[in-house]
Amino acid sequence: MKPRAKPSPEAAKLRQSIVEEWSIEDAAGMFLLDVALEALDEMRAAQATLAAEGVYVPDRFRQLRMHPAAQREKEARAHMLAAFKQLNLDLESLTNAAKT
């Protein structure tokens, strides 16, 4: 089964590693994995926006407010972790796989 959207190189590498290590072959498992990795890519995009524009931005009254990408990052992280939890994966081994 192929991923639904073109993943980033980081997500593609992690996908391959997880599929091999955990022997995920069923459609539901692959779907949940793709959802988790799409959330990873969304989280990384939000992090890049925050790195470029800062965590705080001025509103129309010139008061500093949290950048909307901060909420996007938080939600994407929560979706990613929820999908991994539904797959019953050990998150520590995923962290190690992403670093290699």
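**Exercise 1. In this predicted model, decide whether arginine 72 is buried, partly exposed or exposed, and find which residue it meets in a salt bridge.**

Solution. Arginine 72 has a relative accessibility of 32%, and because the partly exposed class lies between the limits of 20% and 50%, arginine 72 counts as partly exposed. Next we look for its partner: the side chain of arginine 72 meets that of glutamate 42 in a salt bridge, with 2.6 Å from N to O. This pair connects distant parts of the chain, since glutamate 42 belongs to helix H2 and arginine 72 to helix H3, with their positions 30 residues apart in the numbering. Finally, glutamate 42 has a relative accessibility of 34%, so it is also classed as partly exposed.

**Exercise 2. Determine how the axes of helices H2 and H3 are arranged, and which classes of residue make up their contact.**

Solution. Two packed helices are described by the angle between their axes and by the distance between those axes. Helix H2 covers residues 27–53 and helix H3 covers residues 68–86, and their axes come within 8 Å and cross at roughly 160 degrees. An angle over 145 degrees counts as roughly antiparallel, and therefore H2 and H3 are roughly antiparallel to each other. The crossing in which H2 passes H3 is left-handed. Sorted by class, the contact of H2 with H3 holds 17 nonpolar, four polar and four charged residues.

**Exercise 3. Find which residue forms a salt bridge with aspartate 34, and decide whether aspartate 34 is buried or exposed.**

Solution. We begin with the location of aspartate 34, which lies in helix H2. Its salt-bridge partner is arginine 15, and the closest N and O atoms of the two are 2.8 Å apart. The pair links distant parts of the chain, with arginine 15 in helix H1, aspartate 34 in helix H2, and 19 residues separating them. Because buried means under 20% relative accessible area, aspartate 34, at 5%, counts as buried, and arginine 15, with 12%, is buried too.

**Exercise 4. State how many salt bridges a search of the whole structure finds, and describe the one between glutamate 10 and arginine 44.**

Solution. The search of the whole structure finds five salt bridges. In the one formed by glutamate 10 and arginine 44, the closest N and O atoms are 3.0 Å apart. Glutamate 10 is in helix H1, which spans residues 9–22, whereas arginine 44 is in helix H2, so that the pair, 34 residues apart, links distant parts of the chain. As for accessibility, glutamate 10 is partly exposed with a relative accessible area of 32%, and arginine 44 is partly exposed at 35%.

How values were computed: Residues are numbered from 1 along each chain as its sequence is written. This is a predicted model: local features need pLDDT of at least 70, side-chain atom pairs count only at pLDDT 80 or more; totals for chains, interfaces and linings use all residues. Side-chain values use heavy atoms; hydrogens and water are left out. Axes are lines fitted to C-alpha atoms, for helices over the stretch in contact, and angles run from 0 to 180 degrees between N-to-C directions. Helices (H or I, at least four residues) and strands (E, at least two) are DSSP runs, numbered from the N terminus. Angles under 35 degrees count as roughly parallel, over 145 as roughly antiparallel, 65 to 115 as roughly perpendicular and the rest as oblique. A crossing is left-handed if the near helix is turned anticlockwise from the far one by less than a right angle, and right-handed if clockwise. Ala, Val, Leu, Ile, Met, Phe, Trp, Tyr, Cys and Pro count as nonpolar, Asp, Glu, Lys and Arg as charged, and the others, Gly among them, as polar. A salt bridge is a side-chain nitrogen of Lys or Arg within 4 Å of a carboxyl oxygen of Asp or Glu. Buried means under 20% relative accessible area, exposed over 50%, partly exposed in between (1.4 Å probe, protein chains only).
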